[in-house]
Amino acid sequence: MSSENPTRRKILDTAWKLLEAGGSPTRMSDFARAAGISRQALYLHFPSRAELLVAVTRHVDAVKDVDARLAESRAAEDGETRLAAFVSAWGNYIPEIRGVSRALMAMQESDAEARAAWQGRMEAVRQGCAAAVAALARDGQLAEGLSEERATDLLWALLSVESWVRLCETCGWSQEEYIAEMQRAARRILLG
């Protein structure tokens, strides 16, 4: 990331901060003004708002080193260990991306570009769920009668940002309680 263009990085950092602040800067001109550049300069780096929003989600992942967070899950030697590590990695990442997720989720109803950015992010989470489920299936640990696709659907729903919001923000669960209960629920649902 050190070779990244400084203006591009400034735009991404600024857009990230604006999204986390929860305001309503949804136009390219809002992002440009906040970054202290012209709209034309912004468009040189991001030809569309959709590209900017997608780039922000990827930028957040890079800054927060999501690959390092997933390393334990990816290196796990058995399915059950991979599942527990994935639940922990993703579950502990949710509060760190809450501001961006809140903004994109709120915007997606009326904003196709925000919807595409958020759906892309959630598809990456689904792929992580699928990898954990595939490891369980490979080890013969997947519950009888549960297909990999259905198991992936269930895990993805269980680990949704919306579920975290309900349990941690609405019901007041601690982060530790959330991780422990999600690991326990995932094992009960998925393991044979």
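## A tour of helices and hollows

Start with helix H4 and helix H8: H4 passes H8 in a right-handed crossing. This is a predicted model. Select residues 49-63 for H4 and residues 112-138 for H8.

**Stop 1: H4 against H8**

Look along the two axes. They lie 8 Å apart, and the helices pack at an angle of about 30 degrees. Angles under 35 degrees count as roughly parallel. H4 and H8 are therefore roughly parallel to each other.

Now show the side chains in the contact. On the H4 side, pick Arg49, Ala50, Leu53, Val54, Thr57 and Asp61. On the H8 side, pick Glu113, Ala114, Ala117 and Arg121. Colour them by class. The contact of H4 with H8 has five nonpolar residues, one polar and four charged.

**Stop 2: the cavity**

Keep Thr57, Asp61 and Arg121 selected; these residues also line the largest cavity. Add Val60, Ile97, Val100, Ser101, Leu104 and Trp118 to complete the lining. Which helices each supply at least two residues of this lining? They are H4, H8 and helix H7, residues 98-107.

The volume of the largest cavity is about 50 Å³. The count of cavities of 30 Å³ or more comes to one. Colour the lining by class again: five residues are nonpolar, two are polar and two are charged.

**Stop 3: the pocket**

Next, select Leu70, Arg74, Phe86, Ala124 and Gly128. Among the residues lining the largest pocket, these lie nearest its centre. The whole lining has 17 residues. Three helices give two or more residues to it: H5 (66-75), H6 (79-93) and H8 (112-138).

How much space lies in the largest pocket? The pocket holds about 270 Å³. What classes of residue form its lining? Nine are nonpolar, three are polar and five are charged.

**Stop 4: H6 against H11**

Stay with H6 and add helix H11, residues 175-190. Their axes are 10 Å apart, and the two helices pack at an angle of about 145 degrees. H6 passes H11 in a right-handed crossing.

Show the contact residues. From H6, take Glu80, Leu83, Ala84, Val87, Ser88, Gly91 and Asn92. From H11, take Gln175, Tyr178, Ile179, Met182, Gln183, Ala186, Arg187 and Leu190. Colour by class one last time. The contact of H6 with H11 has eight nonpolar residues, five polar and two charged.

Key
Residues numbered from 1 in each chain as written. Predicted model: local features only at pLDDT ≥ 70, side-chain atom pairs only at ≥ 80, totals over all residues. Heavy atoms only, no water. 1 Å grid on protein atoms, 1.4 Å probe; cavity = no way out; pocket = protein on both sides within 12 Å on 5 of 7 lines; lining within 4 Å. Points joined across faces, edges and corners; volume = space filled by probe spheres on them. Helix = DSSP H or I, 4+ residues; strand = E, 2+ residues; numbered from the N terminus. Nonpolar A, V, L, I, M, F, W, Y, C, P; charged D, E, K, R; others polar. Axes fitted to C-alpha atoms, helices over the stretch in contact; angles between N-to-C directions. Parallel < 35°, antiparallel > 145°, perpendicular 65-115°, else oblique. Left-handed = near helix turned anticlockwise from the far one by under 90°. Contact = heavy atoms within 4.5 Å.
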